[in-house]
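Subject: Structure handover

Hello,

I am passing the structure on to you with this email. My notes on the aromatic residues and on one helix follow below.

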Amino acid sequence: MGFFNSTKKNAQVSPQEEANKNESAQVQVSPLLSPSPVPIPVQAVVEETKKKAKLLPWKEKKEEFRGFFKINIYSIFKYNPVLTGEKEKVMGKWVETYSLLLDEPELASFQQVKILKYENGHYDLVFSSTQQAISSELKEFINFSVEQLGPDFMHKGEFTDADANDIALGAFSRIWYNKLRIDNVYFTPSLTLYDITPE
């Protein structure tokens, strides 16, 4: 008699016994195995990640220039800038000038913005700083500008270590005519955004 074969050959099994045998042979799910987890919607994961990261506004959105600013650069007059009473001539056109002290520095650099408003309602924004260093946020803005607009008119591209010498000499600049300008001619950085169409 074989050890692994303890059933009798030729034994007759009734249909009921066969059914009972099949039921008892069904695989039992181990209580240690947990059921498959319910999938979490992707959007919920993204929102939770943003909350945990607590990213700064300029880091959250980099698809366009407005994403780098805390203020809305396309609705600057909602912040009630002060009319300075001065008139300036820009490219042969007289403009009204306004001044706005910022509640928080923009690009970790600029504490004040001057608004040059044209007759057609468009305006230039001239951001000014009181510090000499160029912040990492401003460097990132420069690199983003190169990515969006290409090299500037002097074929200068992204911010490099070599630019540190120009900063020390007050000779740093990136200029895209009629679009934007970043320099430190007076040894403090300034940023000009040209011809903004208000929303």
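Are F159 and F172 buried or exposed? F159 is buried, and F172 is buried too. Please keep in mind that this is a predicted model.

Aromatic pairs

The model holds 11 aromatic pairs. One of them joins F110 and F127, with ring centres 5.9 Å apart and 45 degrees between the planes, which is a tilted arrangement. This pair links distant parts of the chain: F110 belongs to strand β3 (residues 110–117) and F127 to strand β4 (residues 123–128), 17 residues apart. F110 has a relative accessibility of 0% and therefore counts as buried. F127 is also buried, again with a relative accessible area of 0%.

F159 and F172 make another tilted pair, at 5.6 Å centre to centre and with 55 degrees between the planes. Here too distant parts of the chain are linked, with the two positions 13 residues apart in numbering. F159 lies in the loop between α4 (136–149) and α5 (163–169), while F172 lies in the loop between α5 and β5 (173–176).

F110 and F127 also belong to one aromatic cluster, together with F65, F68, F69, F141 and F144. Separately, K117 places its charged end over the ring of F77, 5.0 Å from the ring centre.

Helix α4

Two members of the cluster, F141 and F144, are among the buried residues of α4. The others buried in this helix are E137, L138, I142, S145 and V146. As a general point, an α-helix has 3.6 residues a turn, so residues three or four places apart point the same way.

E137 is a charged residue to look at in that list. Its place is in helix α4, and its relative accessibility is 14%; the cut-off for buried is under 20%, so E137 counts as buried. The side chain of E137 makes a polar contact of 3.2 Å with the side chain of S136.

The length of α4 was checked as well. The helix has 14 residues, which should span 20 Å at 1.5 Å a residue, and the C-alpha atoms at its ends are 20 Å apart, so the two values agree. After α4 comes G150, which has a positive phi, near 85 degrees.

Regards

Technical notes
Residues are numbered from 1 along each chain as its sequence is written. This is a predicted model: local features need pLDDT of at least 70, side-chain atom pairs count only at pLDDT 80 or more; totals for chains, interfaces and linings use all residues. Side-chain values use heavy atoms; hydrogens and water are left out. Rings of Phe, Tyr and Trp (its six-membered ring) pair if their centres lie within 6.5 Å; planes under 30 degrees apart count as stacked, over 60 as edge-to-face and the rest as tilted. Helices (H or I, at least four residues) and strands (E, at least two) are DSSP runs, numbered from the N terminus. Buried means under 20% relative accessible area, exposed over 50%, partly exposed in between (1.4 Å probe, protein chains only). A charge sits over a ring if NZ of Lys or CZ of Arg is within 6 Å of the ring centre and within 35 degrees of the ring normal. A polar contact is a pair of N or O atoms within 3.5 Å; within protein, one must be able to donate a hydrogen and the other to accept it, and residues adjacent in sequence count only if both atoms are side-chain atoms. The expected span of a helix is 1.5 Å times one less than its number of residues.
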